[in-house]
Structures are given as C-alpha cells and as structure tokens.
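Trainee: Got a minute to go through this one with me? I'd like to hop around a bit.
Mentor: Sure, put it up and ask away.

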Amino acid sequence: SAAMEEAEFDDILDDWFIEYKDLHVYQLEHPTQVIEWTSGRTVCVAGFSPSKNEILELRLPRKLFADENKGLCAERDFKVVHGGFTDRPVRCLRHVPGTRCAVTGDGLSSNLQVWDLGGDDSDVIRRTGSIEGRRRRTGVSEGGSSIAARPSSPPQILHGAQISDVQLTELSSGQTLYQLESDSADPLSSLHFLSDAVFLAGCSNGNIYVADTRTSAAPQLSPPPPPPVSSGESVLWWTDASAGPDPSGCRVVRLSSSGQALVSDLRNLGGAVSRAQLDVQTLRCGPDDVRVSWAPALDDCIAVSGFSGAVQIYDASVWTSELQEARPLFEHRGHAVSPEQSDDGVPPILVTSHVWHPERPRTLLSAASDGSVHVWDWVDQSAADKR
Amino acid sequence: MQHKIQSLTQDSNHTSPSRAERFHPKLLTLQAHANQPRSVEGAGQDVGRSCILVSIGGKNIMLDCGMHMGYNDDRRFPDFSYITQNGRLTDFLDCVIISHFHLDHCGALPYMSEMVGYDGPIYMTHPTKAICPILLEDFRKITVDKKGETNFFTSQMIKDCMKKVIPLNLHQTVQVDDELEIKAYYAGHVLGAAMVHIKVGSESVVYTGDYNMTPDRHLGAAWIDKCRPDILISESTYATTIRDSKRCRERDFLKKVHETIERGGKVLIPVFALGRAQELCILLETFWERMNLKAPIYFSTGLTEKANHYYKLFITWTNQKIRKTFVQRNMFEFKHIKAFDRSYADNPGPMVVFATPGMLHAGQSLQIFKKWAGNEKNMVIMPGYCVQGTIGHKILNGQRKLEMEGRATLDVKLQVEYMSFSAHADAKGIMQLIRMAEPRNMVLVHGEAVKMEFLKGKIEQEFSIDCYMPANGETITVTTNPSVPVDISLNLLKREMALGGPLPDPKKPRTMHGTLIMKENSLKLVSSEQALKELGLNEHQLRFTCRVQLQDPHSDPDTLHRIYTHLKSVLKGYTIQHLPDGTVMVESIVIKVSSSAEDTNTKVLLLSWSYQDEDLGSFLSTLLKKGLPSGLC
C-alpha cells in the first residue's frame with residue numbers, strides 16, 4: 001500500500017542513514033538460530049524446523065571488505081558457497097577451527113552430527129558421522145548440547161548438555177579424551193575455551209564452572225549473585241568469556257533474564273567488577289533465546305540480543321560496582337521496525353542470534369525469527385560527537 | 001494404406017470375479033515411455049552469453065542470440081557450427097526468440113541473421129523490438145568506430161535484421177507454423193523482458209531469459225501460469241546468491257548522492273533512456289521532498305525525447321503504481337527535476353544530472369563527465385554494466401587517467417560508484433518459479449557448473465523432478481511422457497455410459513474394450529464391430545471345447561441335472577439354464593453329458609465356450625474335474 005511504502009521510505013532515512021557505515025539486509029527462506037564463522041568471510045546458518053532443514057555456508061558480500069575501492073564494487077549479495085540437508089533442527093552449530101568440519105546439535109538430545117562443509121570441487125555439505133553424548137540420568141529433562149572448539153591437532157570438540165556430561169571428544173575416532181568430574185545436573189547454556197586446556201561452562205541457573213582438561217580435579221564453581229527479593233520466577237542466565245592471549249586476564253559477563261548484567265574477573269568469579277541493569281524487555285525468554293557476547297576487537301563492548309527484535313551494544317567500561325540502569329551505546333532495530341506494536345496473533349519478531357566479526361571492530365551479523373539476516377557496521381555516534 | 005490395429009482388453013487374473021467388476025469399464029491411456037527425446041544445447045556456464053538451441057517435436061528453436069562481452073575475437077559470438085558446418089541457418093531453424101534487449105541476449109543477432117544467414121521469423125516483445133536496434137547500433141559504434149574492429153555487423157545489417165522481427169504481445173498464443181506455437185509471459189527484470197512458452201503437439205518448453213521474482217519500483221515480478229511444461233529452462237547466474245534488499249541498495253544510492261551534495265559536489269548519473277532512470281528519479285524526488293533539499297536535479301533533453309517516444313510502450317510494461325502516476329501527470333513533471341541545458345554543467349554549486357548515454361561512450365553524458373572529472377568533490381554513479389571500450393568500463397576498472405581524442409589525457413579525480421540495480425532471480429526466486437509453472441524437468445543455464453550441485457539437489461528433493469545443468473556445447477536429452485490424445489467414437493462412448501457407474505475421472509481409470517485405429521496422424525478408439533466394418537473384415541469366433549471325465553452312476557440326463565444343481569449353488573449371480581435339448585448353459589457356455597462307451601459310470605462332459613467366456617470356461621472345467629459333491633439330489 002502507499003502508506004506502507006511511505007513508512008518504509010522514512011525508515012530508510014531516519015534510522016539507517018546516519019547510523020551505519022555498511023548495511024546489508026537479507027531474507028533467508030527459513031529462519032536460523034545459528035550464525036557461525038567458518039572463515040573471515042564465511043558463515044554458516046541453518047534451519048531449526050522440526051523436520052527438513054538446510055545448512056548453508058554463506059560468503060559475505062565483497063563490497064563489505066572492499067575498503068579502498070568500495071565504490072567500484074557493486075557486489076552486495078550473499079553467495080551460497082556450500083549447502084546441505086538435515087532432517088533434524090539445528091539449534092547449535094560449531095565450526096572446528098583449522099578444518100572444514102562443523103558439528104551440530106538438534107536441541108533434543110545430547111548426540112551431535114558431524115559435517116564436512118565441502119571444498120572447492122563441490123558445493124554440497126555432507127554428514128560424515130555422529131558423536132554420542134554421555135548417557136543421561138533418568139528423571140533429568142533432556143536439553144540440547146553446548147559445543148566449543150579451539151584449534152587442535154587432531155581436531156577435538158568439547159560438548160555436553162549438563163555439567164555432569166561435559167566431555168572432550170576426538171572427532172575422527174570418537175574417543176573421549178576427557179570427562180568433567182562432577183555429579184551436578186546443572187543444564188549448560190554455553191561452553192567457552194579460555195586456553196587450549198582451560199574452559200568455562202556457563203549454566204542456565206547462573207552457576208559457572210571452570211575446569212582444566214589436563215587434570216581430573218573437580219571444577220571450580222561460582223554461583224550467581226542472589227536474585228532480587230521481588231522476583232518470584234526462576235531466573236535464567238547466559239554467559240560469555242572474553243578471549244585474549246592471557247586467560248588470567250579474561251573477563252566474564254553474566255546476563256540474567258531479568259536484564260541484570262555482571263562483569264567479573266576470571267580470577268575472582270564470585271565478585272563482580274561491575275554491574276548494570278540493561279534496557280531490555282524482560283518478557284518470558286526461553287533458555288535458547290538470548291545471546292550475550294564480548295566484542296572481539298572493541299574494548300569493553302558487549303552485544304545483547306534475544307529479548308526483542310533489536311541487538312543492543314553496551315559499553316561496559318562505564319558500568320560501576322553499583323547496580324545502575326545502563327543505556328545502550330547503539331541499538332540495531334532493523335529486524336523489527338516497531339517492536340511495541342504487534343498484530344493480533346502474530347508473534348513479535350525476535351532476534352535469534354548475533355555474532356561479531358572476529359577482526360572488524362564494529363561489524364556484526366544478526367538473524368531474526370522472520371528469516372532475516374543483517375550484516376551491519378555501525379557508527380559510534382558518541383565517538384563521532386567527541387571529535 | 002496401412003492401418004495399425006490393436007485390440008485392447010484388460011489383462012485379468014481374477015480368480016472369482018464378480019460379474020459387475022469384470023464388465024466395469026476402464027479407460028486405458030496410451031503412455032509412450034522413452035520415445036520422445038528432447039535435446040538442449042547449453043548456453044553454458046559462462047556468464048556473458050545466452051544462446052540455446054532446443055529441438056522439440058521435430059522443430060528447432062533458437063532461444064536468444066547473445067554476445068559474450070568478455071571477448072574481442074570470434075569467441076564472443078555463439079558457435080553456430082553446431083547447427084551446420086557451412087551455409088545459412090534458415091533451413092535448420094524454425095524460429096528465433098529473443099527474451100530481452102540486453103546485449104548478452106541479443107548482441108549477436110545481426111551477426112547471426114545477416115552474416116551467417118537466417119531468413120526465418122525472429123520473435124520478441126514490442127519494447128524489445130524498439131530498444132534492441134538502438135543498443136545494437138550503440139554497441140556497433142563502440143566496437144567498430146572506437147576499437148576499429150572489422151568482423152562486425154554494419155548499421156544496415158541491424159536494420160535488415162529487425163525487418164525479420166515479428167513482435168509478440170503478452171499471453172497471446174502465436175502460431176509459428178501448423179505445429180509450433182509460442183506465448184510470451186511477463187518476466188520483470190527490464191522493460192519488455194519476456195519468458196516464453198513453446199509448444200509442439202503435447203510437448204512444451206518454457207525458457208525464462210532473465211527474470212525477477214520480486215517487484216521493482218518500476219517493474220512488476222515475473223509471472224507464469226501452471227502450464228506444466230516438460231522442461232523449464234531457467235537462467236541461474238544468481239542461483240547461488242541471496243540478494244541484498246532493495247532498501248539497502250537504495251539507501252546506499254541516496255547516501256552517496258546526499259554526501260556529494262552536502263560537500264558541494266556534482267553527481268552525474270549516466271543512464272539509458274528508460275526504466276532504471278525512472279526509478280532513480282522517483283527515488284530522488286521523494287528523498288528531496290522528505291529532506292527538504294534545494295540542490296537542482298536535471299534530466300538531459302536527449303533522455304526526455306527518447307522517453308516520450310517510447311512512452312506508450314513503457315506504460316503497459318511497467319507496474320501498476322507507475323502506471324497510475326503517469327496517468328495522473330506527465331512522465332517528466334517532477335517537482336524537483338528539471339530539463340537540463342548544457343550550459344548548466346558549468347554552474348557552481350551542487351547538482352545531480354541524469355544524462356545519456358549510459359556507458360559514457362559518447363554524447364552528453366561524456367561531455368559532462370569531461371567537465372566534472374577533475375574535481376574530487378564530484379561523483380559519477382554508474383547504474384549498470386559497461387561494454388569494453390567505453391569510458392564507463394575503464395573507470396569501473398579503476399582507471400584514473402584516460403586518453404581522450406587528440407592525445408589529451410583526463411585525470412579522473414571524482415568519486416566513481418558502481419551500483420547494480422538490475423534484478424535477477426536468486427535461489428528463492430527459482431524455487432518460486434518452479435512452484436508456479438510446475439515443470440516436469442528443470443534445466444539450469446547461465447550459471448557456474450560445479451557450484452550448483454546443492455541447488456540441483458534442492459530442486460530434485462522438493463519437487464521430485466530431474467535437474468540438468470548443461471555446459472557450453474553439451475547436448476542433454478530429456479525423456480518425457482507425452483500423453484497421446486485418442487478420439488473415442490460416439491457409439492463406444494454411449495455404450496460405456498450405458499453401463500453406468502461413476503463418471504470418468506482422470507484419477508480413477510476404468511477399463512474398456514475397443515479397437516485402436518491409427519490413420520494418418522490421428523488415433524481413434526472404436527467398437528470392434530465398427531472396426532471390422534470399416535476395414536471390411538469378417539468377425540471370426542473362437543470356441544474352445546474341453547472334455548471332462550466324471551465318475552457318476554446316474555443316467556446321462558440325471559447327471560446333467562446334478563451338474564445343473566451343483567453349478568447353481570456355486571455360481572450365484574450367473575445365468576444358468578437347463579435346456580430341453582439336453583444341455584446346461586452357463587452364460588454362453590454349453591455343457592453336454594454323454595457316457596463313455598466302455599463304462600456307463602464314466603461320464604464325459606463336453607464343455608464348449610467362446611473366447612469371450614474363456615475365464616469362466618476354464619473355471620468350470622477345473623470345477624467339474626473335481627467331481628460332483630455327494631449330497632446332490
């Protein structure tokens with residue numbers, strides 16, 4: 001309709017004009033919950049419908065990377081460099097660094113599928129095998145696995161659905177190289193390697209475990225801070241650990257479903273270096289919905305998504321040890337133009353995933369429940385104003 | 001005259017058929033398997049030239065006749081030696097169809113028709129017919145005048161070629177000859193672009209040319225009905241891409257124009273007369289209004305003239321919104337866009353100018369470019385592909401020093417922006433088109449070989465059809481299952497209807513009995529009696545007889561009666577009669593009893609039946625061989 005076109009046009013002008021250096025908007029045939037880098041220019045996405053799904057490896061547009069001659073490059077599209085089919089949902093996808101392998105989990109069991117992403121001679125992604133997760137104790141609800149990987153030879157992955165079944169598996173042989181010694185049934189929300197051997201396991205109840213694959217010692221446990229007095233509902237937590245050359249300098253951010261964020265030092269996980277109450281809508285979230293991530297190439301920046309149709313960037317350097325409200329440094333609202341409005345019966349669009357580019361400081365990819373995928377490079381207005 | 005006769009009955013293995021079921025008619029459709037090969041010579045996996053040959057039902061059709069823009073020698077022309085080693089192509093082709101005016105689809109047409117030689121019909125839509133010669137002439141000028149080529153077509157050849165063109169209207173079936181018919185469908189993409197449906201007898205092919213499944217600001221999306229062609233040939237250049245949204249492209253365009261204007265620079269946008277230029281004008285006009293901008297926007301007069309000349313053609317091919325806009329006002333009555341005068345190029349301050357020609361190879365756009373190139377505040381936005389040899393091509397390749405006439409060099413200091421607005425179908429679009437047309441087989445051309453296996457798998461999985469990807473020079477053969485139409489005689493039809501039962505249903509075939517007569521090119525199904533009459537043949541009846549020995553102490557007539565009783569209890573629903581002449585009749589089967597000469601307790605039953613009652617006859621003989629049950633009276 002004419003009115004819609006007008007609104008669309010205003011949209012282009014208002015939000016998207018000043019605030020982005022680069023902006024690309026794509027529509028996948030089916031939404032994805034995973035975005036995983038497989039190289040500096042390619043990502044994998046995959047569907048999560050109950051039955052047939054596609055796994056796609058997409059190459060980002062050349063124009064994004066053509067920094068000197070951007071004007072001469074007209075190529076703005078994603079290129080589907082490899083694709084494959086799976087008959088399960090893909091809730092988790094991890095690329096094994098240094099290989100052309102990826103590992104996926106369907107969110108229903110702790111078993112994982114192993115894939116060959118393909119080389120130059122073929123564009124088909126093929127399943128090459130599977131990895132069995134450890135057997136569950138009865139009475140525990142099944143949930144999906146978390147997966148982590150770091151460069152190693154031969155390739156290995158760390159995976160598990162709850163603390164007691166976290167293990168390090170060698171990909172080619174399927175051999176278990178390490179098992180986390182713990183009886184805890186805490187369900188995992190994420191796994192992170194801090195070094196070749198030290199890893200952090202974030203649980204959705206807020207517990208954090210740190211362990212070393214070289215030892216069979218029990219992991220170090222840090223519980224979350226006590227919940228606010230008023231809350232009745234159980235709170236969910238998500239975690240991210242910053243990468244760095246020195247694991248002891250690593251910082252951990254914890255984010256609760258009530259919007260509370262805590263930054264801690266790895267050496268003192270029990271204490272909080274800083275905290276903030278984020279500006280998010282705390283509607284009911286599932287354990288799989290929210291993502292929180294440190295920017296790999298931008299000091300102290302944290303991205304948050306999953307509470308709504310927006311991706312928010314926060315500058316944690318201005319947070320203090322006192323809990324105060326924080327405003328985002330930047331908000332990418334492109335996925336849902338008007339998050340407050342929702343047509344009757346139509347569920348609101350939510351961001352399902354986001355990732356930072358490993359090197360480009362302000363480039364991110366985000367995906368939403370309507371199948372949209374955006375690639376954006378935002379402009380830090382505050383920095384621009386300071387000049 | 002030889003006639004071929006075939007008698008059709010159902011092959012029945014029923015053991016105890018009920019009477020009604022046996023005579024319940026079914027219609028058999030003749031299916032010819034593996035006998036209708038279709039060959040397609042690939043347009044190959046190069047990006048840059050389309051020329052496809054299709055053989056269907058004995059007809060040869062050339063689809064597009066493009067030039068490969070990357071080569072300077074004869075490799076830029078398609079290799080017509082596949083059709084014939086020497087001589088003209090007229091005898092080998094039934095028609096040529098051109099999908100749209102882009103040079104990689106029509107650039108070699110005058111070469112083919114005038115230098116190789118073809119005098120048959122060339123089909124294309126009206127806008128394509130109007131615009132093709134202009135682009136071809138421009139192209140010829142660049143190649144011959146600027147690059148000094150010799151083996152190239154002349155202006156006269158372009159004119160002679162266009163005389164062979166028969167224009168097409170959308171959705172109108174055109175009979176090329178008695179057997180070959182074609183129909184054009186809207187393809188989007190550019191003005192006048194069409195997808196074409198080709199039909200010979202009951203076999204058909206759809207060729208898409210370049211198409212687009214998402215509407216533009218000035219063009220609609222491609223559309224075709226559920227025509228279920230045997231083959232759908234689709235371009236797949238962008239099959240493995242996922243397209244960035246239109247909004248983002250427009251954002252980029254507006255941002256660049258705005259930035260240039262803000263710093264006091266001038267923006268030159270070289271365009272071809274129609275289509276894309278309109279879209280960009282509308283975009284700028286809306287933007288200027290919204291942002292309350294004051295810098296002038298100009299449209300060069302050459303453009304206006306050409307545009308007005310094609311106004312009527314343009315209108316029917318554009319989308320609803322544009323059509324409404326143009327009905328309400330004159331095409332170039334924009335509030336913020338005015339006619340350009342060459343003197344304005346020297347005016348100070350920011351401005352935007354749309355000027356022809358699109359590749360900066362001559363004319364006003366080149367003149368303006370020369371004036372503005374030296375100032376780094378200025379910008380030139382190239383909205384499309386530029387042919388080798390043009391200034392446009394050079395600056396898009398990063399050249400910053402240009403050699404002009406008279407050895408003068410031009411320093412290119414202004415900002416050069418390449419923006420692609422033309423729309424092609426991506427993977428999602430191809431799937432949408434297949435869903436629309438429902439082809440039986442899929443052929444992907446114009447894309448990159450190895451990199452389409454995933455798409456092939458996707459198509460094969462979702463639609464359960466075969467997908468082919470021929471390379472240049474490769475012939476593929478596609479097997480089809482054409483349905484053969486057979487006329488049924490009125491008498492036969494009436495007879496079948498009289499038998500009652502449900503009405504004919506394509507999903508529920510019925511058997512029927514008839515005789516197929518093939519005469520000349522037609523097939524008809526008539527009753528056997530009629531066939532015999534038509535052919536002057538006598539009907540022969542086959543009767544089978546069989547002797548069954550039976551131990552029975554009764555007299556012959558009593559045995560006969562016992563048989564009668566027995567059969568009556570077993571064969572319920574059949575007509576069984578005990579006739580006064582000493583026979584029992586089951587339907588038309590006759591049973592007689594006589595005693596053996598040697599032993600009166602050994603009865604010999606003589607069964608006799610006609611061919612039509614073969615099943616029942618065999619059944620009876622088997623039954624009676626078992627003897628009679630003791631409890632009969």
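Trainee: Which side chain meets B:Lys256 in a salt bridge?
Mentor: That's B:Asp252, with an N to O distance of 3.0 Å. Keep in mind that this is a predicted model, and the distance is computed from it.

Trainee: Where do B:Lys256 and B:Asp252 lie?
Mentor: Both belong to helix H6 of chain B, 4 residues apart, which is about one turn of the helix. In general, an α-helix has 3.6 residues a turn, so residues three or four places apart point the same way.

Trainee: Is B:Lys256 buried or exposed?
Mentor: Buried, since its relative accessible area is 13%. B:Asp252 counts as buried too, at 9%. Salt bridges with shared partners link both of these residues with A:Lys63, A:Arg76, B:Asp244 and B:Glu417 in one network.

Trainee: And how many residues of H6(B) are buried?
Mentor: 13 of the 17, so the helix is largely enclosed by the rest of the structure. H6(B) covers residues 246-262 and spans 24 Å from first C-alpha to last, close to the 24 Å expected at 1.5 Å a residue. After the helix comes B:Gly264, with a positive phi near 85°.

Trainee: Back to salt bridges. How many are there over all chains?
Mentor: The search of the whole structure gives 43. One of them pairs A:Asp212 with A:Arg214, at 2.8 Å from N to O. A:Asp212 counts as buried because its relative accessibility is 18%, under the 20% cut-off. A:Arg214, on the other hand, is exposed at 65%.

Trainee: What does A:Asp377 pair with?
Mentor: With A:Arg360, at 3.8 Å from N to O. A:Asp377 sits in strand S28 (residues 372-378) of chain A, while A:Arg360 is in the loop between S26 (351-356) and S27 (363-368) of that chain, so the salt bridge ties together parts 17 residues apart in sequence. A:Asp377 is buried at 6% relative accessibility, and A:Arg360 is buried at 13%.

Trainee: OK, sheets now. What's the strand order in the open sheet of 4 strands?
Mentor: S10-S11-S12-S13 in chain A, with antiparallel pairing. S10 (146-148) and S13 (176-179) are at the edges with a single partner strand each, so one side of each has no neighbour in the sheet. From one strand to the next, the twist averages 20°.

Trainee: How many bridges join S10(A) to S11?
Mentor: There are 3, and the two strands run antiparallel. A:Ile147 is opposite A:His159 in S11(A). The loop between S10 and S11 of chain A also holds A:Pro154, and the peptide bond from A:Ser153 to A:Pro154 is cis, with omega near -5°.

Trainee: Where's B:Pro357, which has a cis peptide bond to B:Thr356?
Mentor: B:Pro357 is in the loop between strand S17 (351-355) and helix H11 (363-372) of chain B. Omega for that bond is about -5°.

Trainee: Which strand pairs with S3 in chain A over 5 bridges?
Mentor: S4(A), in the antiparallel sense. S3(A) and S4(A) make a hairpin with 6 residues between them, and A:Ala46 stands opposite A:Ile55 in S4(A). S4(A) is also joined to S5 (residues 78-86) of chain A by 7 bridges, again antiparallel. There, A:Arg59 stands opposite A:Lys79 in S5(A). In S4(A), 6 of the 7 residues are buried, so the strand is largely enclosed by the rest of the structure.

Trainee: What about odd backbone angles: what's phi at B:Arg228?
Mentor: Near 50°, a positive value in a residue other than glycine. B:Arg228 is in the loop between S11 (203-207) and S12 (231-235) of chain B, and it is partly exposed at 40%. B:Glu587 has a positive phi as well, about 55°. B:Glu587 is in the loop between S30 (583-586) and S31 (589-595) of chain B, partly exposed at 23%.

Trainee: Last one: which residues form the nonpolar patch on the surface?
Mentor: B:Ile488, B:Leu490, B:Leu493, B:Met497 and B:Leu503, with about 470 Å² of accessible area together. Helix H15 (residues 490-498) of chain B gives the most, with 3 residues. B:Leu503 is in the loop between H15 and strand S26 (514-519) of chain B, and it is exposed, at 64% relative accessible area.

Definitions and conventions:
Residues are numbered from 1 along each chain as its sequence is written. Chains are lettered from A and ligands numbered from 1 in the order in which they are written. This is a predicted model: local features need pLDDT of at least 70, side-chain atom pairs count only at pLDDT 80 or more; totals for chains, interfaces and linings use all residues. Side-chain values use heavy atoms; hydrogens and water are left out. Patches are made of residues with over 30% relative accessible area and no salt bridge: like charges are joined within 9 Å, nonpolar side chains (Val, Leu, Ile, Met, Phe, Trp, Tyr) within 5 Å. Accessible areas come from the Shrake-Rupley method with a 1.4 Å probe; for residues, only the protein chains shown count as cover. A salt bridge is a side-chain nitrogen of Lys or Arg within 4 Å of a carboxyl oxygen of Asp or Glu. Buried means under 20% relative accessible area, exposed over 50%, partly exposed in between (1.4 Å probe, protein chains only). Two strands pair if DSSP finds at least two bridges between them. Axes are lines fitted to C-alpha atoms, for helices over the stretch in contact, and angles run from 0 to 180 degrees between N-to-C directions. The expected span of a helix is 1.5 Å times one less than its number of residues.
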